[in-house]
Amino acid sequence: MDFEDTPEEAAFRKEVRAWIDANAPKHLEDELRRANFGSNAVESEDPIAAAKAWQKKKFDAGWACLHWPKEYGGAARTPIERVIWGQEEGPYAALGGLFTIGHGMCGPTVMAWASEEQKRELLPPLASGEEVWCQLFSEPAGGSDLAGLRTRAVKADDGSGDWIINGQKIWTSGAQNSDWGLLITRTDPTVPKHKGLTMFFLSMKTPGVKVVPIKQANGASGFNEVYFTDVRIPDAQRLGAVGQGWEVSLTTLMNERLSIGSGMSTGFPELFRFCMEAEIDGKPAVEDSAVRSKLAQFAVRQSGLKYTGMRAITALSKGETPGPENSIGKLVAGATLQDLAIYALDLQGQAGVQWDETSPQNGRFQSILMRSPATRIEGGSDEILRNIIGERVLGLPGDIRVDKNVPFKDIPTSGTRKS
Amino acid sequence: MNLDFSDEQKQLRDQVRRFLAEKCPPETVRAVLEGSERYDKPLYAGLAEMGLLGAAIPEEYGGVGLGHLELCVVAEELGRVLAPVPVSSSIYLAAEFLMQAGSDSQKAEWLPKLASGEAIGTFALVEGQGRASPDKIMVRESNGKLSGTKTPVADGCDADFAVVAARDEEGGISLYLVALDDGSVVREELQTIDPTRGQARITFTNTPAERLGPSGDGWHIASQVMDRAAILMAFEQLGGADRTMEMARDYALERMAFGRPIGSFQAIKHMLADMYVSATLARSNCYYGAWALGASPAEMPIAAATARVSATTAFQHCSKNNIQVHGGMGFTWAFDCHLYYRRSNALALALGSLSTWESELIERMGARNAETAA
């Protein structure tokens with residue numbers, strides 16, 4: 001066992017480090033390191049422009065979308081090289097949040113299902129950061145039950161082959177900054193729910209598309225509602241066959257699970273630092289035995305995630321596929337973040353209620369407290385993740401589904417349910 | 001980056017697993033639980049014969065000279081089957097004390113016998129209730145003789161010798177090698193929550209003792225050796241956590257209620273997912289510990305406490321929820337769930353309780369932070 005690079009990895013790391021050192025927006029480094037959970041990575045300048053500038057710089061030098069083929073704007077690098085890049089990018093990786101969904105999920109789906117001509121047109125501007133994509137999946141009636149979505153796509157009756165879209169999406173990250181969207185719709189409500197879905201892509205500037213920011217429980221607005229009113233798009237913007245949308249969507253969701261090695265933050269190093277400084281009865285909090293027990297349990301969750309990531313990197317380094325252990329990442333990190341924030345406020349005593357720039361660490365723990373509920377829901381709720389671990393990793397049977405083999409239009413909803 | 005065992009180490013694991021499947025089925029554990037033997041002698045002899053007891057003992061002292069990573073592999077397998085043998089006392093502790101602090105003649109006298117299973121050693125530290133600390137040590141050395149009582153001492157009734165922490169004539173803590181067959185030693189078997197591993201109260205009265213390591217250095221040496229043992233013990237706990245998770249999973253697949261396998265109920269499924277999460281965190285933390293044990297003395301204090309806290313938490317979590325998944329059947333003597341429940345709670349206390357290790361972990365992280373800042 002060791003934590004050393006192979007000679008090839010070391011050479012690659014050296015090359016990456018030199019390039020980042022010469023090219024990264026260093027004037028933003030401090031701000032990126034200090035950024036609070038759930039707020040913009042950068043406040044001192046336009047965060048969108050800063051993100052796009054860094055992405056374009058990487059793209060021009062051949063460091064964008066490392067895992068994509070070169071003809072679509074990528075760099076055709078190995079998974080381990082992608083991991084090393086991420087490690088070296090450090091605080092600047094926070095600027096990439098704008099592109100996470102486009103590069104990680106929409107891009108791979110377009111790559112798998114679009115025509116060659118479309119791929120060559122759509123993917124390079126996505127890789128370069130000139131165009132931003134969002135994913136139009138969740139709906140008010142279909143979050144965890146994604147296939148329960150109700151946005152309709154109907155063939156236009158003018159013989160053009162065009163589709164007319166009506167409905168509503170919700171929880172769309174970054175829709176207000178997006179140029180394109182990956183859109184899943186229902187084209188046939190008379191068949192069981194998974195079978196009547198069809199996937200499209202569309203310009204977010206298409207007439208009839210309206211983006212409305214959601215004011216979140218923490219006061220910020222990262223998510224949006226997107227309304228579709230008689231939106232007309234050509235049949236050429238369909239991905240996969242009519243009725244094949246569920247299969248197409250799985251490409252996206254599988255890619256989400258492949259983005260490993262980055263390691264989610266639990267906030268532990270910040271809490272530890274706080275406990276070194278805070279006092280209980282005139283002594284550093286970190287010397288209190290009750291505090292120590294709490295901290296230790298957070299510490300082993302943090303290090304467990306870190307070394308689970310390293311086990312995955314080990315597999316990648318050997319050219320193998322990582323095991324299922326990475327499926328625990330968000331489940332552990334989300335709950336830890338929330339518990340840890342509650343505990344940090346507890347240690348602040350009655351003053352923990354205050355949330356401003358005079359709060360310890362610039363109000364970091366108050367920010368985590370208010371943002372972490374979303375971490376436990378977005379991209380698969382804790383409960384869905386436990387189902388996935390139970391069913392796909394441990395091999396337990398699926399839940400009994402009462403909507404199986406029932407035409408979609410006959411499935412009861414919150415609206416149709418008789419009391 | 002290589003945070004995994006090698007192919008050879010994985011082959012060793014398969015070999016040990018096959019051996020234990022044959023020689024240590026649950027009946028073997030039950031025989032010790034219910035019978036008069038405190039450990040399974042044929043199994044212990046078999047482990048010695050395969051060279052597993054001497055895996056990390058150098059060849060010049062009768063071992064196989066593989067290394068501690070191999071010993072981690074063996075420990076995990078022993079933990080999976082609850083092997084009722086004194087490996088932790090004799091190998092993780094006594095042999096480590098000799099290798100870390102023993103003189104050449106002490107090593108030459110005892111290590112070959114520990115490797116061959118001809119002798120069993122143990123470590124006698126605590127003297128009753130509460131968290132161990134230097135000022136609680138009342139067993140005294142005077143003129144090369146020990147007097148006082150140690151309790152509990154793991155495998156104390158079966159060990160041929162013990163490494164004893166005692167107060168020396170200068171008032172410091174030193175370590176002593178003590179032959180337990182001396183007529184002055186009184187050993188009483190204790191009733192415990194886990195009779196599959198023996199515990200004893202040992203009283204010394206002017207018992208001849210030979211110092212191990214430098215005078216006054218006992219607590220320091222003991223804490224280093226306990227760190228090493230903690231990682232090996234963590235692998236045993238990891239094996240137990242994995243096995244109890246599998247037992248619960250298998251039962252959830254097979255047991256029907258309300259016309260469906262109980263594993264299809266989310267209440268059960270989510271409990272199992274959480275068991276998988278703790279076992280996975282423990283495995284990753286144990287690998288970190290194994291790396292430190294094999295390669296990084298500087299990282300040992302934090303790695304040992306991390307592996308230990310994580311593995312203790314995981315095994316207790318999995319063993320208690322294994323009973324819960326089994327429902328009433330899990331609370332019968334006939335089902336094996338209680339064997340794991342007993343062991344998980346006994347191992348959680350061996351080498352110092354969970355809260356002790358939690359406190360150590362944070363103290364050590366603080367010390368490292370202070371060092372980095374200085």
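## Chain B at a glance

Of the 374 residues in chain B, 55% are buried. Keep in mind that this is a predicted model. Chain B is built from eleven helices and ten strands. Its radius of gyration comes out at 21 Å, close to the 21 Å that the globule rule gives for 374 residues, so chain B is as compact as a globular protein of that length.

If you boxed up the C-alpha atoms of chain B along the principal axes, you'd need roughly 75 × 55 × 40 Å. As for how the chain folds back on itself, take the contacts between residues at least 6 apart in sequence: 74% of them join residues at least 24 apart.

## Domains and annotations in chain B

The domain assignment cuts chain B into domain 1 (7-112), domain 2 (122-216) and domain 3 (219-373). Domain 2 of chain B and domain 3 of chain B have their C-alpha centres 28 Å apart. Where these two meet, domain 2 of chain B puts in 14 residues and domain 3 of chain B puts in eleven. The domain 2 side of that contact is made of eight nonpolar, three polar and three charged residues.

UniProt also has something to say here, from an unreviewed entry. It lists residues 6-118 of chain B as "domain: Acyl-CoA dehydrogenase/oxidase N-terminal". In the model, that stretch of chain B is 67% helix and 0% strand, with 31 Å between its end C-alpha atoms. The unreviewed entry likewise lists residues 216-353 of chain B as "domain: Acyl-CoA dehydrogenase/oxidase C-terminal". Residues 216-353 of chain B are 76% helix and 3% strand, and the end C-alpha atoms of the span sit 25 Å apart.

## Where chain B meets chain A

Chain B brings 40 residues into contact with 39 residues of chain A. Several elements of chain B each supply at least two residues to its side: helix H7 (218-254), strand E10 (260-261), helix H8 (266-295), helix H9 (300-326) and helix H11 (354-373). Which one gives the most to the side of chain B that touches chain A? That would be H8(B), with 17 residues. Sorted by class, the chain B side comes to 20 nonpolar, 15 polar and five charged residues.

H8(B) deserves a second look. Its 30 residues should span 44 Å at 1.5 Å a residue, and its end C-alpha atoms are 43 Å apart, which agrees. Is H8(B) largely enclosed by the rest of the structure, or largely open? Of its 30 residues, 24 are buried, so H8(B) is largely enclosed by the rest of the structure.

## Domains in chain A

Over in chain A, the assignment gives domain 1 (7-128), domain 2 (133-247) and domain 3 (260-380). The C-alpha centres of domain 1 of chain A and domain 3 of chain A are 26 Å apart. Their contact draws on ten residues from domain 1 of chain A and twelve residues from domain 3 of chain A.

On the domain 1 side, helix H4 (residues 79-89) of chain A supplies the largest share, four residues. By class, that side of domain 1 of chain A has four nonpolar, four polar and two charged residues.

## A few residues to click on

Start in chain B with a backbone detail: the peptide bond joining Thr151(B) and Pro152(B) is cis, with omega about -5 degrees. Pro152(B) lies in strand E3 (residues 145-154) of chain B.

In chain A, two residues other than glycine have a positive phi: Gln361(A), near 50 degrees, and Asn405(A), near 60 degrees. Gln361(A) is in the loop between helix H10 (329-347) and helix H11 (364-375) of chain A, and it is partly exposed, with 17 other C-beta atoms within 10 Å. Asn405(A) is found in the segment after H12 of chain A and counts as exposed, with 9 C-beta neighbours inside 10 Å.

Thr416(A) also lies in the segment after helix H12 (382-393) of chain A. Thr416(A) is exposed, with 8 other C-beta atoms within 10 Å. From Thr416(A) to Cys134(A) is 282 residues in sequence and 31 Å in space, C-alpha to C-alpha.

Last up is Ala93(A), in the loop between H4 and helix H5 (100-113) of chain A. Ala93(A) is partly exposed, with 17 other C-beta atoms within 10 Å. Its C-alpha atom is separated by 9.6 Å from that of Trp54(A), 39 residues away along the chain.

Notes. Residues are numbered from 1 along each chain as its sequence is written. Chains are lettered from A and ligands numbered from 1 in the order in which they are written. This is a predicted model: local features need pLDDT of at least 70, side-chain atom pairs count only at pLDDT 80 or more; totals for chains, interfaces and linings use all residues. UniProt positions are given in the numbering used here, feature names are shortened, and annotations may be inferred rather than shown by experiment. Two residues are in contact if their C-beta atoms, placed from the backbone, lie within 7 Å. Ala, Val, Leu, Ile, Met, Phe, Trp, Tyr, Cys and Pro count as nonpolar, Asp, Glu, Lys and Arg as charged, and the others, Gly among them, as polar. The radius of gyration is taken over C-alpha atoms; the globule rule is 2.2 Å times the number of residues to the power 0.38. A residue is buried if 20 or more other C-beta atoms lie within 10 Å of its own, exposed if 12 or fewer, and partly exposed in between; C-beta atoms are placed from the backbone. Domain bounds come from an automatic or database domain assignment. The expected span of a helix is 1.5 Å times one less than its number of residues.
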